[in-house]
Amino acid sequence: MKIAVVDYGSGNLASASRALALAAERAGIEATVAVTADPAIVAEADRLVLPGQGAFADCASGLDAVPGMRRAIEDATARGAPFLGICVGMQLMAERGLEHTVTPGFGWIKGDVAEMPAPGLRLPQMGWNGLDFVPGSHPLLDGLRPDDHVYFVHSYALTGGAPSETIATTEYGGRVAAIVVSGNRAGTQFHVEKSQDIGIRLLSNFLRWTP
């Protein structure tokens with residue numbers, strides 16, 4: 001299995017690649033993990049991972065600054081390669097980002113990314129928070145239990161999303177989309193690479209996933 005971690009100047013690339021290698025080992029999958037800014041490698045990969053941190057607009061601009069990369073991601077996912085967006089990488093799956101300016105996303109899932117309404121709570125949400133989901137409702141959740149804690153760092157979140165595309169939420173001043181899925185494209189608002197055993201288990205599920 002060839003796993004491409006997209007390098008466009010954002011995200012915990014080294015941490016993500018190490019976590020994916022460990023997830024493959026635990027899942028018994030022979031895999032190579034390439035951190036790459038080469039659209040040709042991305043276009044031919046068996047699995048794509050798009051990390052992201054910072055502002056939506058900055059990440060979108062960084063992606064567009066790598067010639068051919070957005071097209072390579074769209075082509076690879078269109079042919080069925082499973083995709084995982086992490087943090088802002090997940091947010092880029094949405095229709096638009098509303099951070100500082102209006103920025104188009106991939107449009108793979110319904111909704112915009114806007115500042116979280118969290119009255120009385122600190123933003124960004126930073127730290128461990130529990131997941132809420134229906135056990136057995138999706139292969140990405142195999143082996144996870146409701147209230148398993150994962151690591152979040154964000155001030156913006158998906159709004160107006162489709163309930164059918166949100167397979168797990170968390171609570172922070174209201175319900176917050178934590179894992180989204182549309183076809184072969186999935187995303188986590190939290191940092192799987194920083195979420196210890198729960199994150200590795202989810203990554204192993206992603207590597208075994210056959211949408």
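The exercises below work through strands, cysteines and empty spaces in one predicted model.

Residues are numbered from 1 along each chain as its sequence is written. In this predicted model, local features need pLDDT of at least 70 and side-chain atom pairs count only at pLDDT 80 or more, while totals for chains, interfaces and linings use all residues; side-chain values use heavy atoms, with hydrogens and water left out.

**Exercise 1. Lay out the open sheet that contains β5 and β7, and state which strands are at its edges.**

Step 1. Fix the terms. Strands are DSSP runs of E with at least two residues, and helices are runs of H or I with at least four, numbered from the N terminus. Two strands pair if DSSP finds at least two bridges between them.

Step 2. Write the order. The open sheet has 4 strands in the order β6-β5-β7-β10, and the pairing is mixed. Its edge strands are β6 and β10 (156–159), each of which pairs on one side only.

Step 3. Check one pair. Strand β5 (residues 96–97) runs parallel to strand β7 (residues 112–115), with 2 bridges between them. Arginine 96 has aspartate 112 in β7 as its bridge partner.

**Exercise 2. Describe the surroundings of threonine 103, leucine 98 and glutamate 115.**

Step 1. Set the cut-offs. Contact means heavy atoms within 4.5 Å. A residue is buried under 20% relative accessible area, exposed over 50% and partly exposed in between, with a 1.4 Å probe and protein chains only.

Step 2. Take threonine 103, which belongs to strand β6 (residues 103–104). Its relative accessible area is 11%, so threonine 103 is buried. Beyond the neighbours within four places in sequence, threonine 103 contacts Phe56, Ala57, Ala60, Glu95, Arg96 and Gly97.

Step 3. Take leucine 98, in the loop between β5 and β6. Leucine 98 is partly exposed because its relative accessibility is 33%. Residues up to four places away in sequence aside, leucine 98 touches Asp112, Val113, Ala114 and Tyr156. The C-alpha atoms of leucine 98 and alanine 157 are 10.0 Å apart, with the two residues 59 apart in sequence.

Step 4. Take glutamate 115, in strand β7. With neighbours within four places in sequence left aside, the contacts of glutamate 115 are Leu123, Ser155 and Tyr156. From glutamate 115 to histidine 100 the C-alpha distance is 9.9 Å, at a separation of 15 residues in sequence.

**Exercise 3. Determine which residues on each face of strand β4 are buried, and which strands pair with β4.**

Step 1. Sort the side chains. In a regular strand they alternate between the two faces of the sheet. In β4 (residues 83–86), Phe83 and Gly85 lie on one side, Leu84 and Ile86 on the other, and all are buried, which leaves both faces covered.

Step 2. Find the partners. Strand β3 (residues 47–50) pairs with β4 in the parallel sense over 3 bridges, and leucine 50 has glycine 85 as its bridge partner in β4. Strand β13 (residues 185–188) also pairs with β4 in the parallel sense, over 4 bridges. Phenylalanine 83 is bridged to arginine 185 in β13.

**Exercise 4. Why do cysteine 59 and cysteine 87 form no bond?**

Step 1. Apply the criterion: a disulfide is a pair of cysteine sulfur atoms within 2.5 Å. By this rule the count is 0.

Step 2. Compare the distance. The closest cysteine sulfur to that of cysteine 59 is in cysteine 87, and 8.3 Å is too far for a bond.

Step 3. Add the accessibility. Cysteine 59 is buried at 3% relative accessible area, and cysteine 87 is buried at 3%.

**Exercise 5. Characterise the largest cavity and the two largest pockets.**

Step 1. State the method. On a 1 Å grid over the protein atoms alone, a cavity is a set of points where a 1.4 Å probe fits but cannot get out; a pocket is an open set with protein on both sides within 12 Å along at least five of seven lines; lining residues have an atom within 4 Å of a point. Grid points are joined across faces, edges and corners, and a volume is the space filled by probe spheres set on the points.

Step 2. Treat the cavity. The structure holds 1 cavity of 30 Å³ or more, and the largest cavity has a volume of about 40 Å³. Its lining consists of Gly11, Asn12, Ala16, Pro51, Gly52, Ile86, His191 and Glu193.

Step 3. Treat the pockets. The largest pocket has a volume of about 240 Å³. Of its 19 lining residues, those closest to the centre are Leu158, Thr159, Arg175, Val176 and Ala177. The second largest pocket holds about 160 Å³, and its lining includes Cys87, Tyr156 and His191.
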